[in-house]
Each structure stands twice: as structure tokens, then as C-alpha cells.
Amino acid sequence: MSNQLFAAKSTRTKKKKSASKAMVAAFFCVSSSLSAQGVRAFSTTAKAGVSAFVRSSNQKPRTFSPAARASASFPFSVDNRVGSFVGTKNTFWGTPTSLRLSSTVADGEATKASCAYDLENKEAGLGNYAPTEFENDIYKWWESAGCFQPDAKQTKEESDKNGRKPYVLPMPPPNVTGRLHMGHAIFVALQDVLARFHRMRGRPVLWLPGTDHAGIATQLQVEKQLIAEGTSREEVGREEFLDRVWTYKAEQGGHITRQLRSLGASADWTRERFTMDSDLSEAVSEAFVRLHDKGLIYRGEYMVNWAPMLKTAVSDLEVEYTEEEGKLYFFKYMVEGSDGEFLPVATTRPETIMGDTAVCVHPEDERYKDLVGKQAVVPMGNGRTIPIIADEYVDMEFGTGALKITPGHDPNDYAIGKKFDLPIINIMNKDGSLNENAGSYNGLDRFDAREALWKDMEKESLTIKVDPHTQRVPRSQRGGEIIEPLVSSQWFVKTEGMGAKALKAVEDGDIEIIPKRFDKIWNNWLTDIHDWCISRQLWWGHRIPVWYVGETGESEFIVARNEKEARSKAVENGHPEDVVLRQEEDVLDTWFSSGLWPFATVGWPANEGDVNSDLARFYPGTCLETGYDILFFWVARMVMMGIELTGESPFSVIYLHGLVRAADGSKMSKTKGNVIDPLDTVADYGADSLRYSLVTGVTPGQDIPLNMEKIEANRNFCNKLWNSCKFVTGNALKDADEAEMEELGVTGPMSQEEFDKLLLPEKYIVSKAHELVASVTEDIEKYQLGAAGSKIYEFMWDQYADWYIEISKTRLYEGNGGGDIVEAKASRRVLVYVLDIILRVLHPYMPYVTEKLWHHLPRAKAGENQAAHALMLSDWPQMDDAFPLVTNHDSVSTFECFQAVTRSIRNARAEYNVEQGKKISAIVVAPAGTLKDAIEAELKSLVLLARLDPEDAKVVEAGSDDAKAANNDESVQLVVQDGVEVFLPLSGLIDPEKERARLTKQQGKLEIEIQKLAGRLSSKGFVDKAPAAVVDKAKAELAELESQAKMVQSSLDALPQ
């Protein structure tokens, strides 16, 4: 095996195999589609699920063999093809047995087709919208049917024939032992939109999921367990420690992927990967060897960021700087041989004085010119002296103008030390305590040594003062501890050349970054890139494939893919067969293995050159969607390593989303109490509402403020959609016979011929639906996902539900002017057709509710090679952009005028406080021609929508006698648009006597208020004594009351006598 991490003693094999069987059994018993409550319970119950199989109260946690580690702890891996619900029956919608079922469902468990499903559910109807009652069952059905696999919609041959290239989304692998948070929810929501959209558009979609071993994070958790038990990893030893980590991974791993499922992630779980799968570990070793052979990996002593608690180096990107209150210590560096002469020096870390090797001043600084070249005595250093040097690096105006130089513990000092060939003194042990180079402070913790040293210096009168000081403190991103810069032997990757290639890939357009403003950030970082420290002093991870020759020393080493190859190379170099080889103790930075993710997960390097392999088909990928916060942690490294190792950019698009924040824009944190838990949200509002809230209303790269009001509003949107479907299925279609139901199934876009036969409202809504499809399609293709989602919301609610559903009642119900069989059938056709479009274009955003409702509509048959008769595998309304869907601009303009007429009447009713149920008279005046004819033809719709009296509502030609008669003093005139006016007789709007009484009462109240306020303002005491602002406010209130009184009087004067 390529990585010695998997090595195990043969004496333990039998014990580990039994544990392996227990693990597999455990995963067979865990459903992948737990409810949100179930997921949470499983995640937090100590003896639930897997834990029950691998722990007992009186037994030590079991350990696992290499084989068990590679498979049992990874239930959905490509190796064993274990389904997420083996042993359970598919009780959801019947679907024909699929060729794709074999990888996810046990033999004989695929359910038979249930042709009666739609009829049964039509009879049952739709109850209230309750997402928790159906979301999990739908997901179970999708996954068991194989709907998430690349060829679920059509065969590979069909895709190739139609020129449909794969759309590949490498999923950012979450930590294997992690728990779901909003960062995961946002990437699932966005990536699933892309996956479902392109799948429906006919492209074979590979959304490849997996988890990361998370070296530091996972090891830290296990180390905490050991500390709680009163021991440590050093005490238990490397092999036992790794067994403990694998056990921890087995117990805690898997929760995150089940939680991702609860959000509706349509990833191909049959291909789920773990960064420490055996083949991925081989890819890591191969990458290391190739990069080393190219001269891009080297070992050297350099300044690194050291995390004392973790006892490992961390990269620059893993260090976070925080502004913290500290102290600035001023002290004396005595000049050797002088009579009390000294250089004043300031430091925030006095303990590092023991590692000083020079004091540096500016060559032009008159204060210290005479001291350059002399020696200074190190405080408490037993008489050790160091040179006083001069360099323009020093800022004369900053501080004292004299710097202590500590090359072993400060990156800037390290550079000066190299320039002046100063010795490098390391005063610190790996755990943060001081070593023998610190003299009498040997063994003290760095912070204890600081206090002790300063006290001793005070006794020797070597201190000047201590000032409060705000400073940037480097802390470990993982452990939170203060980072210590120190010089250490580490493994590095040369990044300058690789960075230049990544830079060029974006400059040449081979990779597009969305949003484009991140191009500048990308350029800035890659043009000022430093070599990457890839070694970590951890035990959990990919052990570096380097073997040192001999029992001691590290001067000679061999880089090889495995020990067998290392030994072969050693023999070639002249060593005997039995030469001692010691593998490097360090492991690789987690981001090194993650950097191989897009190509290692599809078969690199094993399948290089195989044109029929997944590597050839699915690499390079299409889109890498992730948060902007890991643009350089992960994305840049993937690009650099992808280009270097495969010769191709690993993907063509980098789509960056922002961070999910609290409603006020602040960072979510437990201390602030503003964290929104995605699992609780799903349980309360459904996954669709959360997904839609995260995706819409924002633009790429912008942070997302999230509040429960937004999520609740989007749940209401789901409910509106649900009720719209209930109207169609429970009312509009109730009179349709079986033959008509068969015809209503949407098989493709509406033809021009059928469209031309429609009436104005139908032409309008179909045109708007087709315009929506074109706009949404373009937006998603251009990665404007938020804009596209918002347009669907607006169309469904504002156009379909509020306008067309209401107008359809004038076709369907005799009481509203209906009764024409042809009109009713056309309306049913349009109701179903447009709702079908809505469900299809909304599906990528809200997969659960749309799938559920779609099965209640008349549907065409599934494709011959579809995995299931599912909405998620149906065609997008516009499959070919070269053939736009039919629309009619004139019809849209005409109906928009009709809408304007309706709104003007509604507004007038509101202004005159007309009772909701009262029907009023109206005369619409329009120019002769198409517009007048169209409004007249839809007079029954206007009567319904504007609540008019059908016996006293009419449309007349502009300039006619009827039009002139309508324009009189006893009518309200409403000017609409395009020469259209509406006249509403006042007698129909109001009851003169009731209105006179109401206005008179209002007038009396206003007069009392006016008199009261005018009295105050006429009082000299009030005007002279009250603050000017109070007087001005009273005057403004009086003016407003007088204005209202005038309006009331005008209304009274206008009333008929």
C-alpha cells in the first residue's frame, strides 16, 4: 500500500476483522434519509447507530484493519457500493426497475411500477403543506432509484449522440467528523441548483461527494479524549493513537453526509470518496513523488508558524491575526565596555531576548551612529554579547529606533539574520517551553518565562517601562493558540512556477472566476506567493512518502511511492537489501490531498491514458463552487496542482459564494446567540424554504444576511405554490375525463399553432412563462442563480396565482361567466402547462415540493432509459436555445393594459373605502380597434377581478356618445394608459348620506385638535419657554391638521345633495 499510515501488525488482524464486520453491519442499519430531528438525534446520541455496534460500556473501543478502515468506515464508497437504505422497501412513488438500481438497492428491493399512482392521488387530493411528511420519502426514492447518477436521465450513448457534455461539480469535502452548519447548507443549495438544472437540460451530471480526513481538527478531538483519560498520544504510541482516530472517525463520521442528504443534495453517493481511501492515498504519494522528481518539493530549515499545543507547523493561511491588548516592554541593551551607555529597545515578547543575535539601528540615525560595530550585552545572558549593526530596514521614527534581532523567532528578523549571516538560536521546545539555550529559564513555559525574565531584569535595573499596547496576535485557526515563529526542518513545495501557471489560466480565460472582482485578489496573491510548507507534525493524515537511510540521521533519504519501491531505490544506490529504512514521521498538510480532489476522485493516476475511463470522461471538471474564504486554502492549490500534474486546469469556472451571516450582517456565533441551525430550520420550515432563502436575494461573492422572517416568507411561498396546485388538481381538473387527462400531460413546448388559438389571457400567461424560461435559463447558465430564483417567485405569485388562476375561473365556472367547453379545456391546458413550467424551473431551487406536486399533475411518460419517472429527470422547458419558445409581444402589451385597468379600479375602491363585497358600476373607454376589442372580450374577467356589477359594466369607444356621457361631474375619472380611461359613478362607490356622516364626524375631530394646538401656539408662555424644536414640531402638526380639514371639506362639497 502506498501510505504506511495503513500499516498494521499481523497479530492484530483477526481482532480488527471482527470490528470491520460490525462496522459494515452498523452502516447497513443506518438510513441515509433521516428526518432533521432524526439526524440530530443520531448525531448526538452516544449509543445510537454506529456507536452501538463499536462500543460497549465495559469494553475498550475496537480497532480496525487497513481493509476495514478503507471500507467499513466509508459506507457509500465506490468500492463496496452500499446503498443508504439497503433492507428497506421503497414505499414512495412507483417506478420501473432501472438499470441504475444495482449500485444502490439490494437485489429484489426495487419496487414494481404502480400505474395507478396518479389516479389514486388525484382522488386523495392534496392536504395541507407539511414538508416533513414527504421530504425524506422523496429523497429515499430518488436515491434508491439511482436518480443522482450521471446517466440517470439517459444513457451515455444518448448523451454522446446529442452532444451533451458532462457537467462536473466536485463537492468541497466537509470534515468527516463535522456537523452541518449554514456554510454547508449554502454550498448544497447552490451546487444542487446547478446539478439539477444541467441534469434536466440533458447533460450527464457528476456531483461527486466525499469527506476530508481533516488532519488537525480530527487529531485535536482525539487528543482531547486522551487528555480527559489522563494520557496522551505520546504515551499510547502512534499505532494505538491511529486506531483511536479510526474508531472516532467510525463513530462520528457519516453524520455529515446524512445531514447533507436532508437538504436534498442530488450528489452521486455511490461514488462518495474519503481523502484517505486507499486509491486516494496512492494518488497523494504519486503526486508527492512526481513533484519531487520535478524539483518542486524540497526539505529545508526555514521560519515556520509553530502551534505548540498541536506540536506542528501550520501554513500562513492557517494563521489568523486578531487585535488584542498586550504590553510593550522597554529595556536597556548595555553597550559592552561603556560606562552605563545603553540602547533603548522595545519588544512585546521579552522571553525571546535569550535568542537575540544582534541589535540593529538605521545607518543615518545620529543617536546610535557611534555605536555601530560595537557589542551589546544580552540581558540575563551570562555575559553573552551580540553585535550592533546598521540597516535601512529600521525606521528611525518608530519606537526607540533600535531593534533587537531574533532570527530564530521572528520572520522579519530571520531575513535580516540571513543578510548579515547572524547565528540562529532556537530557545523553544516544540511544546512552547524554553530549552537549554534560554539558560536559567530552561523548562519554563514561554509565558511564565516572560514574567520571570522581566522580574530578573528589573532587579538588575535593565528595564525602562511597560506600556499598554494593542497588537496583532497570530493564532492558530484550528486550536486558537498563539502561534510561535521558529526555524524548523520542514518539507516545502516551490510555488512560484506553479502559481504563475494558475495566474495565466485565469488571465487567458481558461478559468473564469465569478464574481470577476476576485480576479484582482487572485492576481495579488499568486504574484506574491511564498513556498508552501506541506509537512505537519501530526500522526493522523497521509504520511510523507520519504524514507531515511540508516538507523539514525536524515542526511540521506529516498522519495518513493511505497516502502518496496524505496528499498529497490536504496539497493540501486548501493545499499544492501536489508538496509534500515525509516519513514518520515510527519504527515502532509490536509490541503495537499484536498488539492488533488478533482482528478484523484475520478481515477488519477491509475486511469491516465484510458479514453474509456471516468478520468477521461469527468476530468477536467466544469464548476468549482465554494466560499470565497477558502479561495487560496483550497481553490488555488487545486488549480496549481491540477495544471502541474495533469497539464489541464481542473475546472473552467470558479463560482464563489459569500458567508452566511446574521440578519444584521454580523458573524453568527454561539456567544451572540444569533446562530441559525440548519437542521432545526429544516425541521420547522422544510429544506426547500431554507435552500431558497440562501440562494435568492443575493449576488455571487456577497455575504448572505439570513433571518427567520425570510425563511418563513419562503415557506409561505411554498404554501402558495401548494395551494395553486390544489386549485388546479382539485378544482380545475375535476371535470376532465380520462382522455383529456391523458392529453394534458406536458410532452414538450407549446406549438405556435396551439398558441395562436388561445385567448388573450392565455396568450399572455404562456408568453410570460416562456419569457421566464428564457430568462431563468440564461441567468443560470451565467451563474446568476439568485436573480433567476427571484424571477420564478415573482412570476408564480404575481402572474400565475394572482392573475391567471383568477381569470381561469371565468372559463371554468358558469357563475363567473364560464360554461364554454372549448374555453374551459383551453384554460385547463394552460393551467397545467404553465404550472408544469413553474415546477420544472423551480425544481433546482425547491426540489422537494416541486417533485411532490408534479406527481399530482397529468404527466407524459418517462423516457425509455430514465432511472425513474421523476421531475428531477424530466426535460427542462427549453432544451435547445436555438429554438426559443413561442411568445407574442402584442398580446403581452394588450393584457398589461387590461391589468392596468383592473389595478386602477381596485385602487379607486381602496381610496373610497368601498366595502370588499360590494360590486360597483364602471365604464371603460378605449380607442377603437384591438385594444377595445380585447378588453371587451375579457369584460367578464374584469368584472371578477375588479368586483364590478356585471349588469352595469361596459366597454365603449372613445369619442362616442356613451363615452361623453360617462365623463360627468358625478363620476370619478381614472386615466389608465394608451388612451384608455375608466369612469366610476360616485353613486356606486359610496352612499352619500353615510359618507356625509362619516366625513362630518371626522371634520369635528379635526376642528377640536386644531383649536387645541392653535391655542398652545397662541400662548406666549409656550412659545417663549418651550424649546425651538418643540415649537416647530407643533406648528408642523397644526399645518398638517389644517390640510386634512381642507381635504375633508372638499370631499363634503363634492358629495351629491
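**Cysteines, a helix pair and a buried histidine**

The structure holds 0 disulfides. It is a predicted model. A disulfide is a covalent bond between the sulfur atoms of two cysteines. Two cysteines were examined for burial. Cysteine 360 has a relative accessible area of 0% and is therefore buried, since buried means under 20% relative accessible area. Cysteine 897 is likewise buried, because its relative accessible area is 0%.

The packing of two helices was then examined. Helix α23 spans residues 678-685 and helix α25 spans residues 708-732. The two pack at an angle of about 35°, and their axes lie 11 Å apart. The crossing of α23 and α25 is right-handed. On the α23 side, the contact is made by Thr681, Asp684 and Tyr685; on the α25 side, Met708, Ile711, Glu712 and Arg715 take part. Sorted by class, the residues in this contact of α23 with α25 comprise 3 nonpolar, 1 polar and 3 charged.

A third site centres on histidine 770, which is located in helix α28 (residues 760-781). Histidine 770 has a relative accessibility of 2% and so counts as buried. Its side chain makes a polar contact with the side chain of tyrosine 833, at 2.7 Å. Leaving aside residues up to four places away in sequence, histidine 770 touches Met750, Tyr833, Ile837, Leu885, Val886 and Thr887. Tyr833 thus appears both among the residues touched by histidine 770 and as its partner in the polar contact.

Note on methods: Residues are numbered from 1 along each chain as its sequence is written. This is a predicted model: local features need pLDDT of at least 70, side-chain atom pairs count only at pLDDT 80 or more; totals for chains, interfaces and linings use all residues. Side-chain values use heavy atoms; hydrogens and water are left out. A disulfide is a pair of cysteine sulfur atoms within 2.5 Å. Buried means under 20% relative accessible area, exposed over 50%, partly exposed in between (1.4 Å probe, protein chains only). Axes are lines fitted to C-alpha atoms, for helices over the stretch in contact, and angles run from 0 to 180 degrees between N-to-C directions. Helices (H or I, at least four residues) and strands (E, at least two) are DSSP runs, numbered from the N terminus. A crossing is left-handed if the near helix is turned anticlockwise from the far one by less than a right angle, and right-handed if clockwise. Contact means heavy atoms within 4.5 Å. Ala, Val, Leu, Ile, Met, Phe, Trp, Tyr, Cys and Pro count as nonpolar, Asp, Glu, Lys and Arg as charged, and the others, Gly among them, as polar. A polar contact is a pair of N or O atoms within 3.5 Å; within protein, one must be able to donate a hydrogen and the other to accept it, and residues adjacent in sequence count only if both atoms are side-chain atoms.
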